[in-house]
Amino acid sequence: MGSRQIEFVIADNPPNRLDKALSRDVPVEATLSRTRLARLIVAGAVTVDGVVVDDPKAKVAEDAMILVTVDEAEDSHIGPEDIALDVIYEDDDLIVVNKPVGMVVHPAPGTPSGTLVNALLHHCGENLSGVGGVKRPGIVHRIDKETSGLLVVAKSDVAHQGLAKQFEKHTVERYYRAICYGVPDANDPRLRGIKGTSFEPGNILKLTTQLARHKHDRQKQAVLFQGGRHAVTRARIVEPFGNPGVVALIECWLETGRTHQIRVHMAHAGHGLVGDPTYGGKRKLAAKSLAPAAHDALRAFPRQALHAAVLGFVHPVSGEEMRFEAPMPSDMDALMETLRLPAE
């Protein structure tokens, strides 16, 4: 296996840890993240003034000469699979795909194959750079298996780092379309009495809580107000259904991006998503509120009615502002058509 060597000098007033100092001063074109540099230090691939230093917490002085040896990227242990992809955009650094319902993003013990990563390894082939030292796509965000919609994936280290920073700073534009039970309207006094809920101008529901794993079910997230991770979701009504309104198409957007965030937040507000087996459940609605076919369609809908419809970010290499939209999937479209039928 070949390797490359990167040589540079530590600038004035270095941070008090070697990994932080290297991350600050390593040439941008080396595309080495702090995490990758820390691993290289531990592996003995970093010398300071000619001496190997294998402790990421070691101190380093200004003007120290650094030499980093980086092996060529290895092939991923994950196998490529010829799975069709709906590619919205692609260049040398990144790819945007419209993920179908039922596809897992990354292999896991219960799903070792058939994932988006398997498909991308086949689709991108040799065009993948060594993200983290391995030829693999750089996953910077995920959506659930049963959620459809847009994902951006890095094909190079520089894109991976740039996109990850945007997600970390919450500057990525993400809009979702969902079908929920009830109509989350500012005129509903019940909503104003729920902790963590408020309304902004334009009848926009804002949910502000902490989220953490459920104490008794590790597959679920739970709303907290102490501990956990800060989470903010906004939602607005797009179209109510029923007479009176008992179901609604809503648009949600994320200020933060936590696991199951929209699903658990809307359930906390009493507006769980249609078809959500974990948080939404099924609701018994008044017989005359919807057409009989609409009642049947709601009961039969097999997944959470959630679609990642809009994705916007700054291209991490070119600096161009990019924005993509994915049309509503056919199953949600068909459900809405049925919900629009007149009640008897």
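How many bridges join strand E2 (residues 46-48) to E3, and in which sense do the two strands run? In this predicted model, 2 bridges join E2 to E3, and the strands run antiparallel. Threonine 47 has valine 52 in E3 as its bridge partner. Both strands belong to an open sheet of 4 strands, ordered E1-E4-E2-E3 with antiparallel pairing. Strand E1 (3-9) and strand E3 (51-52) stand at the edges of this sheet with a single partner strand each, so one side of each is left without a neighbour in the sheet.

The chain as a whole can be described next. Its secondary structure comes to 8 helices and 19 strands. The C-alpha trace spans about 80 × 45 × 40 Å along its principal axes, and buried residues make up 48% of the 344 residues. The domain assignment gives domain 1 (3-71), domain 2 (87-169) and domain 3 (174-316 + 331-340). Between the C-alpha centres of domain 1 and domain 3 the distance is 46 Å.

Strand E17 (residues 247-254) is a useful place to continue. Of its 8 residues, 8 are buried, so E17 is largely enclosed by the rest of the structure. Both of its faces are covered: one side carries Val247, Leu249, Glu251 and Trp253, the other Ala248, Ile250, Cys252 and Leu254, and all of these are buried. E17 pairs with strand E16 (residues 229-241) in the antiparallel sense over 8 bridges, and in this pairing arginine 234 stands opposite tryptophan 253. The hairpin of E16 and E17 has 5 residues between the strands, and glycine 242 takes a positive phi near 100° there. E17 is also joined to E12 by 7 bridges, again in an antiparallel arrangement. Here tyrosine 176 stands opposite cysteine 252.

A further hairpin is formed by E18 and E19, with 6 residues between them. Glycine 319 in its turn has a positive phi of about 80°. Strand E18 (residues 306-314) pairs with E19 in the antiparallel sense over 5 bridges, and valine 310 has glutamate 325 in E19 as its bridge partner. The side chains of strand E19 (residues 321-325) alternate. Met322 and Phe324 point to one face and are buried, while Glu321, Arg323 and Glu325 point to the other and are not.

Alanine 222 offers a single-residue example of burial. This alanine lies in strand E15 (residues 221-224). The cut-off for a buried residue is under 20% relative accessible area, and alanine 222 counts as buried because its relative accessibility is 18%. Its C-alpha lies 9.0 Å from that of histidine 268, although the two residues are 46 apart in sequence.

The empty spaces come next. The structure holds 1 cavity of 30 Å³ or more, and the largest cavity has a volume of about 30 Å³. Its lining consists of His141, Ile143, Leu150, Arg174, Tyr175, Tyr176, Ala308, Val310 and Leu311. These divide into 7 nonpolar, 1 polar and 1 charged. E12 and E18 each supply at least two residues of this lining. Tyr176 and Val310, both part of the lining, have appeared above: tyrosine 176 opposite cysteine 252, and valine 310 as the bridge partner of glutamate 325. Domain 2 (87-169) and domain 3 (174-316 + 331-340) both give residues to the lining, so the largest cavity lies between them.

The largest pocket contains about 1,200 Å³ of space. It is lined by 36 residues, and the closest to its centre are Arg142, Asp144, Arg258, Thr259 and His260. The lining divides into 13 nonpolar, 12 polar and 11 charged residues. Domain 2 and domain 3 each contribute at least three residues. Helix H4 (157-168), strand E12 (173-181), strand E14 (204-213) and helix H6 (261-268) each supply at least two.

Asp144, one of the residues closest to the centre of the pocket, is covered by the UniProt annotation "active site", which comes from an unreviewed entry. Aspartate 144 lies in the loop between strand E10 (138-139) and strand E11 (148-154). Is this aspartate buried or partly exposed? With a relative accessible area of 22%, aspartate 144 is partly exposed.

Note on methods: Residues are numbered from 1 along each chain as its sequence is written. This is a predicted model: local features need pLDDT of at least 70, side-chain atom pairs count only at pLDDT 80 or more; totals for chains, interfaces and linings use all residues. Side-chain values use heavy atoms; hydrogens and water are left out. On a 1 Å grid over the protein atoms alone, a cavity is a set of points where a 1.4 Å probe fits but cannot get out, and a pocket is an open set with protein on both sides within 12 Å along at least five of seven lines; lining residues have an atom within 4 Å of a point. Grid points are joined across faces, edges and corners, and a volume is the space filled by probe spheres set on the points. Ala, Val, Leu, Ile, Met, Phe, Trp, Tyr, Cys and Pro count as nonpolar, Asp, Glu, Lys and Arg as charged, and the others, Gly among them, as polar. Domain bounds come from an automatic or database domain assignment. Buried means under 20% relative accessible area, exposed over 50%, partly exposed in between (1.4 Å probe, protein chains only). Two strands pair if DSSP finds at least two bridges between them. UniProt positions are given in the numbering used here, feature names are shortened, and annotations may be inferred rather than shown by experiment.
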